[in-house]
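Me: I am new to this structure and should like to understand it through a few questions. Please present it first.

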Amino acid sequence: MEHKRVTLFAGHYGSGKTNIAVNYALHLASEGKKVCIGDLDIVNPYFRTKDSAEELTKAGVELISPQFANTNVDLPALPAEAYRLVEDKSIYAIMDIGGDDRGAYALGRYTPSILEENNYRMAFVANCYRPLTRTPEDALEVMREIENACHLRFTCIVNNSNLGEETTPETIRASEKFISELSRISGLPLWLTTAREDIAREIENVFPLRLQKKIFDLPPQKPASRPLWG
């Protein structure tokens, strides 16, 4: 599996960006890589990368997050050290971007450096069970709004279609048509399909989307302790 030096996860609110970003950081660390994950979400104060700080620290992953993350102080500002994600070429940088175009505006300040280095992957995290992205056309609209806000184009899609604790193998199988059409109209390839470990093992040999990769998709604040990658 090819890793880019900078990997960005963005998408609609509640699509599961943070969970995937944390799992991907843990996976890179398990390969012995020097990893730094940045929480660039200055919009949603609830499900944050910092919720997984203990697990990330144990794995040797450095975390950069807003100063007042997980407090009752509402100060939508990013720390100056976040520039390290684009300036320090010795690390594998992961960026957890805020939801929709509002969250993506914060990414704009880093876009010139990302484009100049040109060693990045920007993944659109899609969940066809979210209210405002139930159709490929709706998801594409969100995708374009994010791109226009941060002036950076997506390079791939992550299928994170799930219903939380009610997710079953059929839940993910049923997302095939949605993801295939989103890939077609956007012109972007599917990079990852995510699932809990038990579900991933059940569908990996029969999922018609050609399950390329799989990682845990666990409830917020419960990151996977052992990501699976096909």
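Reply: To begin with one contact, a polar atom of the N162 side chain lies 2.9 Å from the backbone nitrogen of G164. A polar contact here is a pair of N or O atoms within 3.5 Å; within protein, one must be able to donate a hydrogen and the other to accept it, and residues adjacent in sequence count only if both atoms are side-chain atoms. The model is predicted, so local features need pLDDT of at least 70 and side-chain atom pairs count only at pLDDT 80 or more, while totals for chains, interfaces and linings use all residues. Residues are numbered from 1 along each chain as its sequence is written, and side-chain values use heavy atoms, with hydrogens and water left out.

Me: Which backbone oxygen lies 2.7 Å from a polar atom of the side chain of N162?

Reply: N162 is found in the loop between strand 6 (156-159) and helix 7 (169-173); helices (H or I, at least four residues) and strands (E, at least two) are DSSP runs, numbered from the N terminus. N162 counts as buried because its relative accessibility is 14%, where buried means under 20% relative accessible area, exposed over 50% and partly exposed in between (1.4 Å probe, protein chains only). The backbone oxygen at 2.7 Å from its side chain belongs to N160.

Me: With which side chain does the side chain of T194 make a polar contact?

Reply: T194 is found in the loop between strand 7 and helix 9 (197-203). Its relative accessible area is 1%, so T194 is buried. At 2.4 Å, the contact partner of the T194 side chain is the side chain of N160.

Me: What kind of pair do the rings of F9 and Y24 form?

Reply: Rings of Phe, Tyr and Trp (its six-membered ring) pair if their centres lie within 6.5 Å; planes under 30 degrees apart count as stacked, over 60 as edge-to-face and the rest as tilted. The structure holds five aromatic pairs. For F9 and Y24, the centres are 5.9 Å apart and the planes stand at 75°, so the pair is edge-to-face.

Me: How many residues apart in sequence are the parts that Y24 and W191 tie together?

Reply: The rings of Y24 and W191 have centres 5.5 Å apart and planes at 85°, so this pair is also edge-to-face. F9, Y24 and W191 form one aromatic cluster. Because Y24 lies in helix 1 and W191 in strand 7 (residues 190-193), the pair ties together parts whose separation in sequence is 167 residues.

Me: Which residue lies over the face of W191?

Reply: W191 counts as buried because its relative accessibility is 8%. A charge sits over a ring if NZ of Lys or CZ of Arg is within 6 Å of the ring centre and within 35 degrees of the ring normal. At 4.4 Å from the ring centre of W191, the residue over its face is R121.

Me: Which residue in strand 4 is the bridge partner of F9?

Reply: F9 is in strand 1 (residues 6-11), where six of six residues are buried. Two strands pair if DSSP finds at least two bridges between them; four bridges join strand 1 to strand 4 (residues 92-97), and these strands run parallel. In strand 4, the bridge partner of F9 is D96.

Me: Which residue of strand 5 stands opposite L8?

Reply: Strand 1 pairs with strand 5 (residues 120-126) in the parallel sense over six bridges. V6, L8 and A10 point one way from strand 1, while T7, F9 and G11 point the other way. Opposite L8 in strand 5 stands M122.
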